[in-house]
Amino acid sequence: MGADVSETSARSGYLSSCREVSCGKWRDMGEEDEKAQVSVDPPPAPADPPAAVEEKPDDSKALVVVEKAAEPPPKEKSVAKSLDRDIALAQVETEKKMSLIKAWEESEKTKAENKSQKKLSAICSWENTKKADLEAQLKKMEEKLENKKAEYAEKMKNKVAMIHKEAEEKKAMVEAKRGEELLTAEETAAKFRAKGEPPKKGCACFGA
């Protein structure tokens with residue numbers, strides 16, 4: 001009876017030791033599996049900060065997060081710089097076009113001024129030429145008039161000379177007639193003296 005009890009206790013001790021060994025092995029294997037799972041499993045994805053912040057009731061922290069979100073990321077900054085560069089290039093292009101337009105305007109104005117000056121110069125030349133022609137014609141007419149005037153004056157002088165000559169001839173005839181009449185009167189008076197008789201009133205020699 002005592003031997004059976006000791007044998008039974010020995011068996012129970014052996015079984016318990018076997019259980020402890022087996023449990024230790026299983027425990028070690030479980031820990032190795034857990035380490036393997038920890039090393040193989042990928043790291044957890046980071047949580048979305050804005051969503052986490054929105055869930056927090058603190059307004060000051062939410063305001064800080066909003067201010068940080070308002071700052072443009074580097075990509076947006078590069079886009080803004082590109083836009084500024086495009087705007088600057090467009091402005092330079094516009095200024096270049098305006099400069100070309102201004103230069104064209106000045107060139108057209110200069111052309112118009114030169115064209116008008118040429119036309120005005122041509123008009124002045126035409127006017128001077130016409131005036132010179134008219135003055136030449138007037139001078140020729142004056143020369144012709146002078147020539148005609150001289151010819152007319154010569155003609156008038158010749159006529160005056162002829163009239164004077166004719167008048168002298170008539171005067172000579174009158175003087176001759178007067179001399180004849182005087183001589184006739186003297187001869188008749190001598191006859192009357194010789195006779196001693198006065199002439200009668202009805203003498204024909206006194207009636208002429």
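**Close-up views of helix H4 and its surroundings**

**View 1. Glu 166 and its partner Lys 170 in helix H4.** Glu 166 has a relative accessible area of 43% and is partly exposed. This value falls in the class between under 20%, which is buried, and over 50%, which is exposed. The model shown here, as in the other views, is predicted. The side chain of Glu 166 forms a salt bridge with Lys 170, and the closest N and O atoms of the pair are 3.8 Å apart. Why do Lys 170 and Glu 166 lie about one helical turn apart? Because they are four residues apart in helix H4, the separation comes to about one turn. Side chains of opposite charge can pair when their charged atoms come close.

**View 2. A salt bridge between Arg 178 and Glu 175.** Arg 178 and Glu 175 also belong to helix H4, where three residues, about one turn of the helix, separate their positions. Their side chains meet with an N to O distance of 2.8 Å. Are the two residues buried, partly exposed or exposed? Arg 178 is partly exposed, at a relative accessible area of 45%. Glu 175 is likewise partly exposed, at 44%.

**View 3. A salt bridge between Lys 111 and Glu 108.** The N to O distance given for this pair is 3.9 Å. It counts as a salt bridge because the cut-off is within 4 Å. Lys 111 and Glu 108 are three residues apart in helix H4, so about one helical turn lies between them. Glu 108 has a relative accessible area of 32% and is partly exposed. The count of salt bridges comes to five, and the pairs in Views 1 to 3 are among them.

**View 4. A nonpolar patch on the surface.** Which residues make this patch? Leu 120, Ile 123 and Trp 126 form it, and its area is about 350 Å². Ile 123 has its place in helix H4, which covers residues 74-195.

**View 5. The stretch annotated as a coiled-coil region.** An unreviewed UniProt entry gives the annotation "coiled-coil region" to residues 124-162. In the model, these residues are 100% helix and 0% strand. How far apart are the end C-alpha atoms of residues 124-162? The distance between them is 56 Å.

**View 6. Phe 192 and its contacts.** Phe 192 is a residue of helix H4. Its relative accessibility is 24%, so it counts as partly exposed. With neighbours within four places in sequence set aside, Phe 192 touches Glu 197, Pro 198 and Pro 199.

**View 7. The whole protein, as a setting for the close-ups.** The protein has four helices and zero strands, in the order α-α-α-α from the N terminus. Of its 208 residues, 1% are buried. The accessible surface is about 19,600 Å², and carbon and sulfur atoms account for 61% of that area.

**View 8. Parts of the model with lower confidence.** The mean pLDDT of the protein is 75, and 59% of the residues score at least 70. Which helix has the lowest mean pLDDT, and which the highest? Helix H2, residues 49-55, has the lowest at 46, whereas H4 has the highest at 91. Residues 1-5 have pLDDT under 50, and the model shows zero contacts for them beyond four places in sequence. In residues 35-43 the pLDDT is also below 50, with zero contacts beyond near neighbours in sequence. Where pLDDT is low, the predicted coordinates should not be read in detail.

Conventions. Residues are numbered from 1 along each chain as its sequence is written. This is a predicted model: local features need pLDDT of at least 70, side-chain atom pairs count only at pLDDT 80 or more; totals for chains, interfaces and linings use all residues. Side-chain values use heavy atoms; hydrogens and water are left out. Patches are made of residues with over 30% relative accessible area and no salt bridge: like charges are joined within 9 Å, nonpolar side chains (Val, Leu, Ile, Met, Phe, Trp, Tyr) within 5 Å. Accessible areas come from the Shrake-Rupley method with a 1.4 Å probe; for residues, only the protein chains shown count as cover. Helices (H or I, at least four residues) and strands (E, at least two) are DSSP runs, numbered from the N terminus. UniProt positions are given in the numbering used here, feature names are shortened, and annotations may be inferred rather than shown by experiment. Buried means under 20% relative accessible area, exposed over 50%, partly exposed in between (1.4 Å probe, protein chains only). pLDDT is the predictor's confidence in each residue, from 0 to 100. Contact means heavy atoms within 4.5 Å.
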